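Work through these exercises with the model open beside you. Try each task before you read its solution.

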There are 2 protein chains.
Amino acid sequence: MNNKENFIKKLRSSGLRPTRQRIEICKALYDRKKTFHFTIDDLNKILRKKSKEKISLATIYNTVYAFKNKNYLKEISLNTNKTYFDTNVSNHHHFLDENSNRLIDLKNSDVGKVKIKRKIPGKKIKSIEILVRISD
Amino acid sequence: MNNKENFIKKLRSSGLRPTRQRIEICKALYDRKKTFHFTIDDLNKILRKKSKEKISLATIYNTVYAFKNKNYLKEISLNTNKTYFDTNVSNHHHFLDENSNRLIDLKNSDVGKVKIKRKIPGKKIKSIEILVRISD
DNA sequence: AGATACTTTATAATGATTCTAAAGTAGTGT
DNA sequence: ACACTACTTTAGAATCATTATAAAGTATCT
């Protein structure tokens, strides 16, 4: 995804109508070089700055969860009061800087192979998420 | 910690007055064979069943966070609306059963050594937490 | 253009957590 | 045992993220 036409295609192809709001949200999220970690509140503030036509908070919630369901966004497990999302949906991990509370992507290749030696009968492993807390 | 006298000693030694409420909470949390994963709501329900003398919700919050600060409890990173705590404060990891939403301890020795190959200048690693999602 | 289903929106509702400030209690010294 | 002080508990209110509601708007199809 990298421009308006592509966003429209992507939205259509996944059964989401390309509304002004969804396109603006795509731009805010995916017109970036680096992956982006954010809360709904972060995104709301960014959208308010970017354009004067307001997008309702409800729509931001709706859209973010729609994108999450389509696997265009990933939810990150942290114990904070707000929910964090990540535009990097590939298999990867995170540093959490405890001083700034900022997240940093850790590529899968930055982490040695993780072996889980224990099995739970009848259960399959769906994902392995690593959170590395760092500070000064 | 394993009986009333020990709970009282432990509380005193950490500068927490051994009140009826704190002792009852200790019993609910630490008079167990297995480690215990819980939310404030879980703990509240357990305490209501155990004794008729009610402990206020505010006190349960106060006490759980006091215990967390004393390192008698650990907060667990999950993306759920409620905060989870763990009576196992040692270095370890978790399975999360997505069907039942239940947590299962993964001993450190159940996980092969995790190598973090990337370094962030000026930052030290404080902890490494692994969450393994499983389901049927 | 009209019909229809999908979207957006303001607003209300929910629910976990935190705050407040008054009443209660443990520990200390007398 | 008594009183003093600092720490605790508590009910209830306040906060804040998130979810629900239902009316108005819009994309898409024919």
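## Exercise 1: Strands that pair

Phe95(A) faces Val132(A), a residue of S6(A), as its bridge partner. This is a predicted model, where local features need pLDDT of at least 70, side-chain atom pairs count only at pLDDT 80 or more, and totals for chains, interfaces and linings use all residues. Residues are numbered from 1 along each chain as its sequence is written, chains are lettered from A and ligands numbered from 1 in the order in which they are written, and side-chain values use heavy atoms, with hydrogens and water left out.

**Task.** Which strands pair with S6(A), and in which sense, parallel or antiparallel?

**Solution.**

Step 1. Fix the terms. Strands (E, at least two residues) and helices (H or I, at least four) are DSSP runs, numbered from the N terminus. Two strands pair if DSSP finds at least two bridges between them.

Step 2. Stay within chain A. Strand S4 (residues 93-97) of chain A runs parallel to strand S6 (residues 124-135) of chain A, with 4 bridges.

Step 3. Cross to chain B. S6(A) also pairs with strand S6 (residues 124-135) of chain B. Here the sense is antiparallel, over 11 bridges. In one of these pairs, Ile125(A) has Ile134(B) as its bridge partner.

Step 4. Recall the rule. Strands of a sheet pair through backbone hydrogen bonds, either parallel or antiparallel.

## Exercise 2: A three-strand sheet

**Task.** In the sheet with the order S1-S3-S2 (chain A), which strands stand at the edges?

**Solution.**

Step 1. Read the order. The sheet is open, has 3 strands and pairs antiparallel.

Step 2. Find the edges. Strand S1 (37-39) and strand S2 (74-76) of chain A each have a single partner strand, so one side of each is left without a neighbour in the sheet.

Step 3. Add the twist. From one strand to the next it averages 40° (axes are lines fitted to C-alpha atoms, for helices over the stretch in contact; angles run from 0 to 180 degrees between N-to-C directions).

Step 4. Check one pairing. S2(A) joins strand S3 (residues 84-86) of chain A in the antiparallel sense, through 3 bridges. Glu75(A) sits opposite Phe85(A) of S3(A).

Step 5. Look for a helix. H4(A) packs on the sheet and touches S1, S2 and S3 of chain A (contact means heavy atoms within 4.5 Å). The direction of H4(A) makes about 50° with that of S3(A).

## Exercise 3: Two asparagines

**Task.** Where are Asn71(A) and Asn101(A) placed, and are they buried or partly exposed?

**Solution.**

Step 1. Place them. Asn71(A) lies in the loop between H4 and S2 of chain A. Asn101(A) lies in the loop between S4 and strand S5 (102-106) of chain A.

Step 2. Read phi. For Asn71(A) it is near 70°, a positive value. For Asn101(A) it is near 60°, also positive. Most residues other than glycine have a negative phi.

Step 3. Judge the exposure. Buried means under 20% relative accessible area, exposed over 50%, partly exposed in between (1.4 Å probe, protein chains only). Asn71(A) has 47%, so it counts as partly exposed. Asn101(A) has 40%, so it is partly exposed too.

## Exercise 4: Around DNA strand D

**Task.** Which residues come closest to DNA strand D, and which side chains have an N or O atom beside its phosphate oxygens?

**Solution.**

Step 1. List the neighbours. 21 residues surround DNA strand D (near means a heavy atom within 4 Å). The closest are Tyr61(A), Thr83(A), Thr19(B), Gln21(B) and Thr59(B).

Step 2. Sort them by class. There are 6 nonpolar (Ala, Val, Leu, Ile, Met, Phe, Trp, Tyr, Cys and Pro), 7 charged (Asp, Glu, Lys and Arg) and 8 polar residues (the others, Gly among them).

Step 3. Ask what is touched. Of the DNA strand D atoms within 4 Å of the protein, 76% belong to sugar or phosphate and the rest to bases.

Step 4. Check distances to phosphate oxygens. The side chain of Arg12(A) has an N or O atom at 2.9 Å. For Tyr61(A) the distance is 2.8 Å. A polar side-chain atom of Thr59(B) also lies at 2.8 Å.

Step 5. Name the elements. Helix H4 (57-69) of chain A, with helix H2 (20-30) and helix H4 (57-69) of chain B, give two or more residues each to this surface.

Technical notes
Polar contact = N/O pair within 3.5 Å; in protein donor to acceptor, adjacent residues only side chain to side chain.
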